[in-house]
Amino acid sequence: MKRAILLTAGAMAVGLCLPLWLLDRPAIEQAETTAAATMPQTIAAVPELTQPTEPGTLLEVLTPGGVEKMELESYLVGVLLAEMPTTFEPEALKAQAVVARTFTLRHTLHPKHDNGDICTDPNCCQGWKDPRTYEDPEGVQIAQQAVQSTKGEVLTYGGEPIDATFFSASGGRTEAAVAVWGGDVPYLQSVESPEEDSPYEENQVVYTLEEFKKLILAAAPEADLSGPPETWFQKVEATEGGGVESLQIGGVTFAGTTLRRVLGLRSTVFSVSVTDTELFISTKGFGHRVGMSQYGAEAMARKGSTYQEILYHYYQEVALEQYR
């Protein structure tokens, strides 16, 4: 018989015994958190940056085949083809175009590569697919339209392009940057992201007890996993975004982000259950969950939100401006 493990989440409520599903919020709270509540009053005009930095429009892009020089807006078409399905709503694609442009210009100002502006590895910078060889010409046209209709628009904070992080699916609420990377970023805060119709809503990883022990002990040899498996798990702390901030296993406290890496989980929103021979970890969402949820943007667009409303919802206290 599978046994769910209940853990005390002191960060959420004193004296309550909760499972590791620390995501769900009351429906009334979802209704109160709207794009309109976080959006600046004037969004129609897109002003010029008052003190623009001239990053240039010609990029040196690190591809698997070497460094290629690409014009910024053309490069962004390839980013959209790699990062968001072109079957998504036009307003969601426009939001992604602005995010990708902002992300790119931020990297030209704060480069992480010595021999180029940005790379095509999604685990490092942004994904990119060559529009010239892309298998769906209609998809290329859709991506081009999203880029062209937002040409030059970027998100700024304090007059500089923001670190426009994004991810696939939140599972219901995004995470603040401080909960994932340890530093508070004013515009990367936790917000509701309801009605995400994503294929990553739930996922389950199954380990034998011996496999799980091996992974945990490789990360923390001092962990005591000698008793019944349901006794291995002790204190849990929750983040504002509904993820596991920390979890004590075998007397050792692990950060939720560490467990995501060690156990190969899709997100830090997870629950644990065990049998006599196996351990089940169920997750919600996919990615670091900081910034814009792509499936959340799609959900908002389907309900009639504009790309400006989507952006102002996921990024707090930012401005939408022309970079040149």
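Which strands does helix H4 lie across, and at about what angle does H4 run to E7? H4 lies across E7, E8 and E17, and its direction makes an angle of about 60° with that of E7. Axes here are lines fitted to C-alpha atoms, for helices over the stretch in contact, and angles run from 0 to 180 degrees between N-to-C directions. Helices (H or I, at least four residues) and strands (E, at least two) are DSSP runs, numbered from the N terminus.

The model is predicted, and local features need pLDDT of at least 70, side-chain atom pairs count only at pLDDT 80 or more, while totals for chains, interfaces and linings use all residues. Residues are numbered from 1 along each chain as its sequence is written, and side-chain values use heavy atoms, with hydrogens and water left out.

The protein contains ten helices and 17 strands. Of its 324 residues, 52% count as buried; buried means under 20% relative accessible area, exposed over 50%, and partly exposed in between (1.4 Å probe, protein chains only). The protein exposes about 14,900 Å², and carbon and sulfur atoms supply 50% of this area, as computed by the Shrake-Rupley method with a 1.4 Å probe, where for residues only the protein chains shown count as cover. Among contacts (heavy atoms within 4.5 Å) with a separation of 6 or more, 70% are between residues 24 or more positions apart.

The strands crossed by H4 belong to an open sheet of three strands, in the order E8-E7-E17, with antiparallel pairing. Two strands pair if DSSP finds at least two bridges between them. Strand E8 (160-161) and strand E17 (319-322) stand at the edges with a single partner strand each, so one side of each has no neighbour in the sheet. E7 and E8 are joined by two bridges in the antiparallel sense, and Tyr157 has Glu160 in E8 as its bridge partner.

Helix H10 also packs on this sheet: H10 lies across E7 and E17, running at about 125° to E17. Seven of the eight residues of H10 are buried, so this helix is largely enclosed by the rest of the structure. The buried residues are Tyr307, Gln308, Ile310, Leu311, Tyr312, His313 and Tyr314. In the loop between H10 and E17 lies Glu317, which has a positive phi of about 55° although it is not a glycine. Glu317 is exposed, with a relative accessible area of 62%.

In soluble globular proteins, nonpolar side chains tend to be buried together. A nonpolar core is a set of buried Ala, Val, Leu, Ile, Met, Phe, Trp, Tyr and Cys residues joined through side-chain atoms within 4.5 Å. The largest such core has 57 residues, and those with the most contacts inside it are Tyr75, Leu155, Met292, Ile310, Leu311 and Tyr315. The elements that each supply at least two residues of this core include helix H3 (72-83), helix H4 (90-109), strand E7 (153-157) and helix H10 (307-314). H4 gives the most, with nine residues. Leaving aside residues up to four places away in sequence, Leu155 touches residues including Val98, Leu311, Tyr315 and Leu320.

A second, separate core of 25 residues includes Leu209, Leu263, Val274 and Leu279. Val274 and Leu279 are also bridge partners, Leu279 lying in E15. E14 and E15 run antiparallel, joined by five bridges, and a hairpin connects them through three residues. Five of the five residues of E14 are buried, so this strand is largely enclosed by the rest of the structure. Phe270, Val272 and Val274 point one way from E14, whereas Ser271 and Ser273 point the other way.

The loop between strand E14 (270-274) and strand E15 (278-283) holds Asp276, which counts as exposed at 61% relative accessibility. Asp276 and Thr208 are 68 residues apart in sequence and 9.3 Å apart in space, C-alpha to C-alpha. In the loop between E15 and strand E16 (292-293) lies Arg289, which is buried with a relative accessible area of 0%. Arg289 has a positive phi of about 70° although it is not a glycine.

The cysteines remain to be described. With a disulfide taken as a pair of cysteine sulfur atoms within 2.5 Å, the count comes to zero. For Cys124, the closest cysteine sulfur is that of Cys119, at 3.8 Å, too far for a bond. The sulfur of Cys125 also has that of Cys119 as its closest cysteine sulfur, at 3.6 Å, again too far for a bond. Cys124 is partly exposed, with a relative accessible area of 24%, whereas Cys125 is buried, with 6%.
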